[in-house]
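Q: Please take a close look at one part of this model. I would like the salt bridges, pair by pair, and then the sheet.

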Amino acid sequence: MGVPPGAPSDAGRAMMGGMDVAGLAAELAPALPRDAVITDRQRLRTYECDGLAHYRVIPALVVLPETGEQVAAVVRACASRRIPFVARGSGTGLSGGALPHAEGVLIVMSKMRDILEIDLDNQRAVVEPGVINLQPTRAAQPSGYYFAPDPSSQQVCSIGGNLAENSGGAHCLKYGFTAGHVTGVEFVTPLGELVEIGGKAVDFPGYDLLGAIVGSEGTLGIATTITVRLTRTPETVQTVLAAFEDTDTAGHAVSAIIGAGVIPAAIEMMDALAIEAAEAAVQCGYPEGAGAVLIVELDGAQATVDRQFEQVTAHCEEAGAFELRIAEDDTQRALFWRGRKSAFAAVGRISPDYIVQDGVIPRTVLPDVLRRIGELAQDSGIRVANVFHAGDGNLHPLVLFDAAVDGQAERAEEVSVAILGLCIEYGGSITGEHGVGMDKAKHMPRMYTDEDLDTMQLVRCAFDPQSISNPGKVFPTPRLCGEVPGRHKGAHPAQEAGLAEVF
Ligand SMILES: Cc1cc2nc3c(=O)[nH]c(=O)nc-3n(C[C@H](O)[C@H](O)[C@H](O)COP(=O)(O)OP(=O)(O)OC[C@H]3O[C@@H](n4cnc5c(N)ncnc54)[C@H](O)[C@@H]3O)c2cc1C
């Protein structure tokens with residue numbers, strides 16, 4: 001189990017900012033529903049990690065508010081004592097973003113799960129932040145609309161979490177990430193003010209505060225109501241599975257398709273090792289001998305889809321596809337997707353342990369980067385299975401290892417970090433969709449200069465002058481508001497106190 005930098009001792013848990021946990025709990029209780037304040041250590045444990053379960057911290061206190069006003073009351077209580085707080089949606093995040101603070105309050109949004117309005121005339125849904133990603137789709141589908149961002153965790157992750165992570169999914173190639181689908185929020189600032197930003201209309205004047213909030217990973221405050229776009233359900237969907245000798249040829253097909261001006265709803269790629277894992281887990285029956293498969297999905301008006309479908313199949317054949325399968329119906333389409341959607345869990349069939357990495361590169365360098373990942377794997381003796389959203393260059397290398405074998409976990413970590421290095425080298429980024437969170441904060445200086453990070457910090461400090469909203473996430477060092485950032489002479493007081501490290 002990893003101990004995050006700065007995780008305090010048990011002794012430190014009893015007091016928070018000079019006030020004891022029981023005192024804060026007693027003060028919050030009247031402002032919240034019955035049983036909405038958790039102090040029992042066993043129950044607190046339920047919330048000790050998110051989807052990145054090797055980091056665990058037990059929060060000092062958990063609260064489960066039911067309204068925006070209640071969230072604001074909790075944040076105000078924290079702000080008046082400089083107590084850190086962390087928002088949590090469904091806890092499926094893969095970068096430790098919702099990892100609690102041991103001397104702070106975890107504000108869990110799971111009781112705020114109502115769809116407040118489906119406004120078909122304006123193509124909007126207004127939802128509470130704990131609403132599960134698929135809920136608005138289920139509500140609007142009978143009327144021919146859906147909520148387009150589709151992370152693979154969409155059956156369980158919350159729209160508050162999607163907003164905070166700017167989550168993507170297979171179909172975000174055509175429809176864009178969450179940022180393109182949020183038009184307004186009711187938001188609690190880290191000072192405890194409840195404010196409205198944006199609404200059902202678009203392009204409000206003034207600074208784009210909504211743009212700053214989406215993707216801010218809970219560091220600028222807490223969304224308590226979210227207005228999202230609803231998208232028209234396409235008239236038709238066509239899906240093709242193309243098998244190639246290797247990822248190089250499959251990569252060329254992707255470039256040719258997009259270069260021709262066709263934007264499929266999704267283009268997903270799996271390499272030989274990922275296919276092997278998926279076959280072992282769900283017997284998806286992909287073409288035998290494939291070194292790579294592409295799943296290309298087109299949607300829209302029938303005539304457009306028919307025309308684009310011909311272009312896609314032609315480009316796949318020209319690039320060297322040796323087999324093309326066309327989904328005849330929804331059952332066959334579901335079978336094509338089954339292998340892809342099961343891929344992460346499926347690698348458990350071929351390896352006892354694995355790291356899910358997440359990076360992004362420009363699409364055109366896919367073949368080069370995959371070749372370099374292959375070399376890393378060969379040199380280190382660590383296998384890497386590749387599954388990715390090929391259309392937008394979002395890689396999900398699965399780095400396989402056996403923790404029981406001496407040194408393998410360390411070598412796997414080195415390979416995983418080296419893959420991020422490749423993403424940066426080729427003009428990409430250290431995260432495509434899983435966020436920076438706790439896990440990747442240390443890699444931020446590999447992408448950004450001190451001046452870049454200081455500029456981001458100015459934005460953070462404008463929202464959160466006390467640095468209490470999800471501290472320790474996204475930024476690599478304890479850059480505190482009020483300091484002259486980036487020009488540190490000697491060690492920061494937090495370093496001297498052993499509370500933080502510089503990586
Ligand atoms: C199997 C699996 C598949 C996944 N597939 C994808 C995928 O395809 N694409 C993708 O992008 N991600 C994917 N993820 C990652 C994860 O599901 C997403 O990041 C998701 O958006 C997190 O939502 P959550 O409700 O679980 O948020 P949490 O994990 O609870 O929180 C995530 C972050 O959001 C902040 N937060 C939560 N609620 C609020 C709020 N109301 N206001 C402000 N900040 C808030 C938290 O502080 C934290 O920083 C996957 C995860 C798993 C386990």
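A: The salt bridges come first, and the open sheet with its helix follows.

This is a predicted model. The structure holds 13 salt bridges. Three pairs are described here, among them Lys174 with Asp299.

Start with that pair. The closest N and O atoms of Lys174 and Asp299 are 2.6 Å apart. Lys174 sits in helix α7, residues 172–175. Asp299 belongs to strand β16, residues 292–300. The salt bridge therefore ties together parts that are 125 residues apart in sequence. The two ends differ in burial class. Lys174 is partly exposed, because its relative accessibility is 32% and the buried class ends under 20%. Asp299, with a relative accessible area of 8%, is buried.

Next comes Asp464 with Arg460. Their side chains meet in a salt bridge at 3.3 Å, N to O. Asp464 counts as buried, at 1% relative accessibility. Arg460 also counts as buried, at 5%.

Salt bridges can share partners too. Arg45, Glu48 and Arg56 are joined into one network in this way. Within that network, Glu48 bridges to Arg45, with the closest N and O atoms 3.3 Å apart. Glu48 is buried, its relative accessible area being 11%. Arg45 is partly exposed, at 37%.

Now the sheet. Five strands form an open sheet in the order β7-β8-β12-β10-β11. The pairing is antiparallel. Strands β7 (115–119) and β11 (194–198) stand at the edges. Each has a single partner strand, so one side of each is left without a neighbour in the sheet. From one strand to the next, the twist averages 10°.

What holds such strands side by side? Strands of a sheet pair through backbone hydrogen bonds, either parallel or antiparallel.

Look closer at the β11 edge. Strand β10, residues 182–188, pairs with β11 in the antiparallel sense. Five bridges link the two strands. One residue pair to find on screen is Val185 with its bridge partner in β11, Ile197.

A helix covers this part of the sheet. Helix α4, residues 68–81, lies across β10, β11 and β12 (222–229). Helix α4 runs at about 50° to β10. Strand β11 thus appears twice in this picture: as an edge strand of the sheet, and as one of the strands that α4 lies across.

Definitions and conventions. Residues are numbered from 1 along each chain as its sequence is written. This is a predicted model: local features need pLDDT of at least 70, side-chain atom pairs count only at pLDDT 80 or more; totals for chains, interfaces and linings use all residues. Side-chain values use heavy atoms; hydrogens and water are left out. A salt bridge is a side-chain nitrogen of Lys or Arg within 4 Å of a carboxyl oxygen of Asp or Glu. Buried means under 20% relative accessible area, exposed over 50%, partly exposed in between (1.4 Å probe, protein chains only). Helices (H or I, at least four residues) and strands (E, at least two) are DSSP runs, numbered from the N terminus. Two strands pair if DSSP finds at least two bridges between them. Axes are lines fitted to C-alpha atoms, for helices over the stretch in contact, and angles run from 0 to 180 degrees between N-to-C directions. Contact means heavy atoms within 4.5 Å.
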